[in-house]
Amino acid sequence: QVQLVESGGGLVRPGGSLTLSCAASGVSFSIASMAWYRQAPGKKRELVAHITPDGRIDYVDSVKGRFTISRDSPKNMVYLQMNSLKPEDTAVYYCNCHRVILTVPVDSWGQGTQVTVSS
């Protein structure tokens, strides 16, 4: 059973930085894509960044150049380094694990961590 636990959220001023962490268990990064999503109040959940098993990385346009996703496979950790934060980055951030099991896509989610960017 996959378990994902996020940490590192909080209140930060515009222009500040935060690093989110996701502790994963029950999954190998060699067969799972890992991602960060976010959901702001009244908005749909959106994909922020993801990293594939072979290390390909992509970001939503609004965070390119400011956010960096990374993983530490021996520790089973995924990180999201967020710099130059803006008020519009305020959201609940979720860690996601995506696998394909016998042709069936399976997604697992953490409980989320709140990021608030405000002066």
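## Disulfide and aromatic contacts in a predicted model

C22 counts as buried, its relative accessibility being 0%. The structure described here is a predicted model, and C22 takes part in a disulfide with C95, the two sulfur atoms lying 2.1 Å apart. A search of the whole structure finds 1 disulfide. Such a link is a covalent bond between the sulfur atoms of two cysteines. The torsion about the S-S bond is -80°, and the link of C22 and C95 is left-handed. C22 belongs to strand β3 (residues 18-25) and C95 to strand β9, so the bond ties together parts that are 73 residues apart in sequence. C95 is likewise buried, with a relative accessible area of 0%.

Another cysteine, C97, is in no disulfide. The nearest cysteine sulfur to that of C97 belongs to C95, at a distance of 7.8 Å. Because a disulfide requires sulfur atoms within 2.5 Å, this separation does not qualify. C97 is buried as well, with a relative accessible area of 0%.

The aromatic contacts are considered next. The search of the whole structure finds 2 aromatic pairs, which are set out below.

| Pair | Geometry | Centre to centre | Angle between planes |
|---|---|---|---|
| Y37 and W109 | edge-to-face | 4.8 Å | 70° |
| Y94 and W109 | edge-to-face | 6.5 Å | 85° |

The pair of Y37 and W109 links distant parts of the chain: Y37 lies in strand β4 (residues 33-39) and W109 in strand β10 (residues 104-109), 72 residues apart. The pair of Y94 and W109 also links distant parts of the chain, with Y94 in strand β9 (residues 91-101) and W109 in strand β10, 15 residues apart. Strand β9 thus carries Y94 as well as the disulfide cysteine C95.

Y37, Y94 and W109 form one aromatic cluster. Within this cluster, Y94 counts as buried at 14% relative accessibility, whereas W109 is partly exposed, with a relative accessible area of 36%. The value for Y94 falls in the buried class because that class covers residues under 20% relative accessible area.

An arginine, R45, contacts two members of the cluster. The charged end of R45 sits over the ring of Y94, 3.8 Å from the ring centre. R45 also lies over the face of W109, at 4.6 Å from the centre of that ring. Y94 and W109, the two residues over whose rings R45 is placed, are themselves an edge-to-face pair.

Definitions and conventions
Residues are numbered from 1 along each chain as its sequence is written. This is a predicted model: local features need pLDDT of at least 70, side-chain atom pairs count only at pLDDT 80 or more; totals for chains, interfaces and linings use all residues. Side-chain values use heavy atoms; hydrogens and water are left out. Rings of Phe, Tyr and Trp (its six-membered ring) pair if their centres lie within 6.5 Å; planes under 30 degrees apart count as stacked, over 60 as edge-to-face and the rest as tilted. Helices (H or I, at least four residues) and strands (E, at least two) are DSSP runs, numbered from the N terminus. Buried means under 20% relative accessible area, exposed over 50%, partly exposed in between (1.4 Å probe, protein chains only). A charge sits over a ring if NZ of Lys or CZ of Arg is within 6 Å of the ring centre and within 35 degrees of the ring normal.
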